[in-house]
Amino acid sequence: MTIHQKFNLKQVINASGKMTILGVSKVSDKVAQAQKEAGQTFFEMVDLTVKTGQYIAKLLDVENATVVLSASSGIALSTAAVIGQGDIYHAYHHLTNRITKREIIIPKGHNVNYGTGVEVMVTLGGGQLVEAGWANECTPEQVEIEITDKTAALLYIKSHHTVQKSMLTIPQLSEIAKKHNLPLIVDAAAEEDLKKYYAAGADLIIYSGAKAIEAPSSAMVIGRDPYIPWIQLQNKGIGRAMKIGKDNIIGFVTALEDYLDKGSETGDSMKARLAPFITALNAISGLSAKEVQDSAGRDIYRANVKVTSDKITALQVIAALKEGDLAVYTREYQANNGIIEFDIRAVNRTEMSAIVNKLQTVMESQS
């Protein structure tokens with residue numbers, strides 16, 4: 001009996017990307033075996049946390065690193081770390097009024113909902129979010145005028161969810177951080193370049209394990225000391241509610257080694273796999289498909305499908321794809337404009353054929 005059968009769960013084709021609502025990524029047999037081995041033995045967890053972090057730091061040629069439960073917990077823990085600055089009293093009393101330097105400055109267009117709000121995680125870490133600039137613009141000057149003696153750090157969200165136009169760059173924000181002797185935190189959860197933002201001057205950079213790296217539920221924070229030990233100290237405080245298991249720590253490191261060795265699928269490979277899929281989609285009456293690149297400029301290519309039928313909307317097509325024993329999940333960000341996107345990074349050829357067949361059935365039901 002499969003897991004799906006045991007719990008009466010739908011089969012899912014994940015054409016939405018590395019999405020938390022679907023369990024993010026598949027892990028390899030090698031990663032699963034490493035998790036099994038770790039799960040069947042014991043460690044001094046503080047030692048495991050520190051030494052796996054040091055091992056990751058050597059792999060990435062950075063000062064230090066630590067594995068945490070998720071990218072969201074990375075935001076909360078990084079916030080708490082830069083506020084507490086290694087104070088054990090703070091770790092036990094993270095909302096203490098002894099500390100008033102709690103403001104975290106972020107470009108206004110970066111305070112987004114990615115499944116929860118960025119502000120939620122900053123607040124969880126004891127921070128007070130201060131938005132700089134406007135929803136469609138943030139300049140270096142607009143950040144600097146928000147800095148006060150209550151500022152604890154600057155925060156930048158590198159994501160397709162954020163406003164892309166008229167935003168200052170990470171190097172520009174890094175320059176401001178250094179000028180004012182403030183740490184710069186970068187949430188780069190789904191990013192694939194694990195060295196770029198450290199080289200650009202960020203002090204703490206958060207990467208999801210389960211997205212590009214295809215690790216189990218996990219994340220890492222890489223960066224500079226003393227910030228990384230300050231994060232690890234939070235395991236005595238709010239980090240206790242976000243602790244990651246030994247199996248997922250080792251699973252993460254194993255997946256990271258594989259990622260650094262093999263990389264992720266190239267854009268050219270995605271385009272080659274997309275071509276016959278797009279041809280098949282264009283053969284379905286009421287649909288018009290083309291290849292598009294990721295809106296944040298990553299080397300990721302997807303099928304962009306316009307619903308041209310006047311008998312069914314994109315939102316109705318999306319809903320129909322999720323019905324039945326086989327649920328197909330897509331990217332829905334432009335559904336109000338009649339557009340559905342299919343991310344094929346976790347979709348094989350057989351699943352692409354199943355998507356085409358289901359779309360054919362959905363569209364024919366309206367004729």
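This section describes helix packing, salt bridges, a surface patch and backbone geometry in a predicted model.

Packing between helices was examined first. Two packed helices are described by the angle between their axes and the distance between the axes. Helix α2, spanning residues 29-39, packs with helix α11, spanning residues 246-262, at an angle of about 150°, and the two axes lie 8 Å apart. Because angles over 145 degrees count as roughly antiparallel, α2 and α11 are assigned to that class. The crossing in which α2 passes α11 is right-handed.

Helix α14 (residues 349-364) takes part in two further packing pairs, one with helix α12 and one with helix α13. In the pair with α12 (residues 267-282), the axes come within 10 Å and cross at roughly 15°. An angle under 35 degrees counts as roughly parallel, and α12 and α14 are therefore described as roughly parallel to each other. As α12 passes α14, the crossing is right-handed. The partner in the other pair, α13, covers residues 314-321. The angle between α13 and α14 is about 125°, with their axes 10 Å apart. This angle makes α13 oblique to α14. A right-handed crossing is again assigned, here to α13 and α14.

Charged side-chain contacts were considered next. The model contains 12 salt bridges. One of these contacts joins the side chains of D294 and R302, with an N to O distance of 3.0 Å. Both D294 and R302 are buried. The contact belongs to a network in which salt bridges with shared partners join D294, R302, D343 and R345.

A salt bridge is also formed between R224 and D203, whose closest N and O atoms are 3.6 Å apart. This pair links distant parts of the chain, the two residues being 21 residues apart. R224 lies in the loop between β8 (219-223) and α10 (227-233), whereas D203 lies in the loop between α9 (196-199) and β7 (204-208). D203 has a relative accessibility of 10% and therefore counts as buried, the limit for this class being under 20%.

The salt bridge between D149 and K150 has an N to O distance of 3.5 Å. D149 is exposed, with a relative accessible area of 61%, while K150 counts as partly exposed at 31% relative accessibility. The two assignments follow because a residue is classed as exposed over 50% and as partly exposed between that value and 20%.

Nonpolar surface was also identified. I3, F7 and L9 make a nonpolar surface patch of about 340 Å². Within this group, L9 is found in the loop between α1 (3-6) and β1 (11-14). The relative accessible area of L9 is 48%, and L9 is therefore partly exposed. I3 is separated from P171 by 168 residues in sequence and by 46 Å in space, C-alpha to C-alpha. P171 is placed in helix α8, which comprises residues 170-179. With a relative accessibility of 47%, P171 counts as partly exposed.

Backbone geometry was examined last. Most residues other than glycine have a negative phi, and most peptide bonds are trans. N8 is not a glycine, yet it has a positive phi of about 55°. N8 is located in the loop between α1 and β1, the loop in which L9 of the nonpolar patch is found. The relative accessibility of N8 is 72%, so N8 counts as exposed. A positive phi of about 60° is likewise found at D61, which is not a glycine. D61 lies in the loop between α3 (45-60) and β2 (64-68). The relative accessible area of D61 is 63%, and D61 is therefore exposed.

A cis peptide bond joins D225 and P226, with omega at about 10°. P226 is found in the loop between β8 and α10, which also contains R224, the partner of D203 in the salt bridge described above.

Note on methods: Residues numbered from 1 in each chain as written. Predicted model: local features only at pLDDT ≥ 70, side-chain atom pairs only at ≥ 80, totals over all residues. Heavy atoms only, no water. Patch = residues over 30% accessible without salt bridge, like charges linked within 9 Å, V, L, I, M, F, W, Y side chains within 5 Å. Areas by Shrake-Rupley, 256 points an atom, 1.4 Å probe, with all protein chains shown as cover. Salt bridge = Lys/Arg side-chain N within 4 Å of Asp/Glu carboxyl O. Helix = DSSP H or I, 4+ residues; strand = E, 2+ residues; numbered from the N terminus. Buried < 20%, exposed > 50% of the residue type's maximum accessible area, 1.4 Å probe, protein only. Axes fitted to C-alpha atoms, helices over the stretch in contact; angles between N-to-C directions. Parallel < 35°, antiparallel > 145°, perpendicular 65-115°, else oblique. Left-handed = near helix turned anticlockwise from the far one by under 90°.
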